[in-house]
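These are my notebook entries on one structure. I begin with strand pairing and then turn to the fold, the domains and the ligand shell.

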Amino acid sequence: QKSPLQQLDAAHHLHPFTDSQALHQKGARVIERGEGVYLWDADGRRILDAMAGLWCVNLGYGREELVLAAERQLRRLPYYNLFFQTTHPRATELAASLAALLPGDMEHLFFTGSGSECNDTVIRMVRHYWAEQGQPGRKTIISRYNAYHGSTLAGASLGGMKPMHAQGGLPLPDIVHIDQPYHFGEGLGQDPYQFGLERARQLEQKILELGPDKVAAFIGEPIQGAGGVIIPPDSYWPEIQRICRQYDILLVVDEVICGFGRTGHWFASEHYGLEPDLLCMAKGITSGYIPLGAVAVGARVAHGLIKGGEFFHGFTYSGHPVACAVALANIEVMQKERLVERVHDVIGPYLQQEWASLGSHPLVGETRGLGLLAALELVADKSDNRRFAEGAGAGMICREHCFDLGLVMRAVGDTMIISPPLVISRAEVDELIRKARQALDLTYQTLMN
Ligand code: PLP
């Protein structure tokens, strides 16, 4: 029986990433309110949001500091643009704040409205850069299968999600993919270090196949998020960095999920010792309270762009003043509460320790994680990590049991993933783990009966 709101929703609302037929049968799950790490649905049920929305509500729900910052800015200057040699104080202040937090020589920021727009911007920027350097042939961007870089034509093309490519003839020309460094899924039985090197060296093979003078950039998430929280072997990123340097390929790091403290650093590039030429951020930049994205640009590309005259690119909502005000308040709270240090030293290690204890469950083949990102792999047979047959739907079954127990955990195939708010307490971590274990038990019963 659908509620009136669910009926209205089914009649008028096309949802992103949703099977509309299933939605029409059951009605949408209605979330009404949030506070801290908790959500409340229309039936008044309290749900622990271990995904922080879509990996973004880093400060948790209901933060007055962010609400007040938005309100103040809405009253003072609700909108102005950054086109045609104009700025407003919040955009400039935010660019300077971010420059101080970013690794390496990333001193320049280009604002967008989302992660997808960041990645569209990256493609246009790197091609413009190479053209200005007298190498217009350098157009191809190399990305990875199972990466997620957004839903616009460029974002979905850069992403390596085959079902997304299949709907609409993607990827766009001059975007190619190599394999991901997913050891549990694609390299089990191999030494992880060696596997990481082999996967990184696919980049070199691809560059040589295309010709280095045709390749503009390589793009990757430090840890693939939507692909299933895929933590690369230690050998992977240093080798990618070496190859990019050797062939003079720009390195673009998509930190839309990994940025803003998620891994226990302001940016995960620090964890992996990366020195990217461009870095994308969104989501956690405002704790998801309001849309904003930014592309950080290292000295080399920034100077090239500055010399190149007008860059014919930008969005009406590039650096929206209200979004910038919220982002500034978000950074201020993160600094005042030392949240990045807390993830690195206290709550990240605690979550990982407790999460690893789920590894003893008969359904779990592997647990892995970093900071406040974690994944576990559901397997049919733990002795040899055999997967469930196609269509068994173990991940979906587990996800539904989680919901019923009052926990949001996401399923990527048979990989269960979490990314809770950075403010999660120890007691809330305990609740998360307890509910995850119960959900695993129920999933076991469902699948084995
Ligand atoms: N890049 C990564 C790594 C993401 O995870 C996402 C969204 O999940 C995006 C880009 C796209 O961001 P948006 O949905 O804000 O366009």
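**Entry 1: pairing around S10.** I take two strands as paired if DSSP finds at least two bridges between them. The model is a predicted one, and I read local features at pLDDT of at least 70. I looked up S10 under this criterion and found strand S4 (residues 106-112) joined to S10 by 6 bridges, the two strands running antiparallel. Phe-110 stands opposite Val-295 in S10. I also noted that Met-106 has Gly-298 of S10 as its bridge partner. Strand S9 (residues 278-281) is likewise antiparallel to S10, with 4 bridges joining them. There, Met-281 has Ala-294 of S10 as its bridge partner.

**Entry 2: burial of S10 and S4.** I asked which residues of S10 are buried on one side and which on the other. Gly-293, Val-295 and Val-297 are buried on one side, and Ala-294, Ala-296 and Gly-298 are buried on the other. I recorded 6 of the 6 residues of S10 (residues 293-298) as buried. Val-295, which stands opposite Phe-110, thus has its place on a covered face. For S4, I recorded 6 of its 7 residues as buried.

**Entry 3: the whole chain.** I counted 17 helices and 15 strands in the protein chain. Its radius of gyration is 22 Å, close to the 22 Å that the globule rule gives for 449 residues, so I regard the chain as being as compact as a globular protein of that length. Along the principal axes, the C-alpha atoms fill a box of roughly 65 × 55 × 45 Å. I found that 48% of the 449 residues count as buried. Among contacts with a separation of 6 or more, 71% come from residues 24 or more positions apart.

**Entry 4: the domains.** I next looked up the division of the chain. Domain 1 is made of two segments, 4-62 and 338-448, while domain 2 covers 65-336. Their centres, taken over C-alpha atoms, are separated by 26 Å. At the boundary, I found 28 residues of domain 1 in contact with 25 residues of domain 2. On the side of domain 1 that touches domain 2, at least two residues each are supplied by helix H3 (52-55), helix H15 (339-356), strand S11 (364-370), strand S12 (373-378) and strand S15 (415-418). I sorted this side of domain 1 by class and obtained 15 nonpolar, 10 polar and 3 charged residues.

**Entry 5: the open sheet.** I followed the sheet with the order S1-S2-S3-S13, an open sheet of 4 strands with mixed pairing. Strand S1 (31-35) and strand S13 (407-408) stand at the edges with a single partner strand each, so one side of each has no neighbour in the sheet. Within the sheet, strand S2 (residues 38-41) pairs with S3 in the antiparallel sense over 3 bridges. I noted Leu-39 opposite Ile-47 in S3.

**Entry 6: Asp-49.** I asked whether Asp-49 is buried or exposed. Asp-49 counts as buried, because 24 C-beta neighbours lie inside 10 Å and the threshold is 20 or more. I placed Asp-49 in strand S3 (residues 46-49). Leaving out residues up to four places away in sequence, Asp-49 touches Val-37, Tyr-38, Leu-39 and Val-408. I also checked Asp-49 against Arg-386: the two are 337 residues apart in sequence, with 30 Å between their C-alpha atoms.

**Entry 7: Leu-432.** I found Leu-432 in helix H17 (residues 426-448). Leu-432 counts as buried, because it has 25 C-beta neighbours inside 10 Å. Apart from neighbours within four places in sequence, Leu-432 is in contact with Leu-48, Ala-50, Leu-407 and Pro-420. Leu-432 and Phe-311 are 121 residues apart in sequence and 47 Å apart in space, C-alpha to C-alpha.

**Entry 8: the ligand shell.** I asked how many residues surround the ligand. There are 16, and the closest are Ser-114, Gly-115, Ser-116, Gly-150 and Val-256. Helix H6 (residues 115-132) gives the most to this shell, with 3 residues. By class, I recorded 6 nonpolar, 8 polar and 2 charged residues around the ligand.

Methods
Residues are numbered from 1 along each chain as its sequence is written. This is a predicted model: local features need pLDDT of at least 70, side-chain atom pairs count only at pLDDT 80 or more; totals for chains, interfaces and linings use all residues. Domain bounds come from an automatic or database domain assignment. Two residues are in contact if their C-beta atoms, placed from the backbone, lie within 7 Å. Ala, Val, Leu, Ile, Met, Phe, Trp, Tyr, Cys and Pro count as nonpolar, Asp, Glu, Lys and Arg as charged, and the others, Gly among them, as polar. The radius of gyration is taken over C-alpha atoms; the globule rule is 2.2 Å times the number of residues to the power 0.38. A residue is buried if 20 or more other C-beta atoms lie within 10 Å of its own, exposed if 12 or fewer, and partly exposed in between; C-beta atoms are placed from the backbone. A residue is near a molecule or strand if its C-beta atom, placed from the backbone, lies within 6 Å of it.
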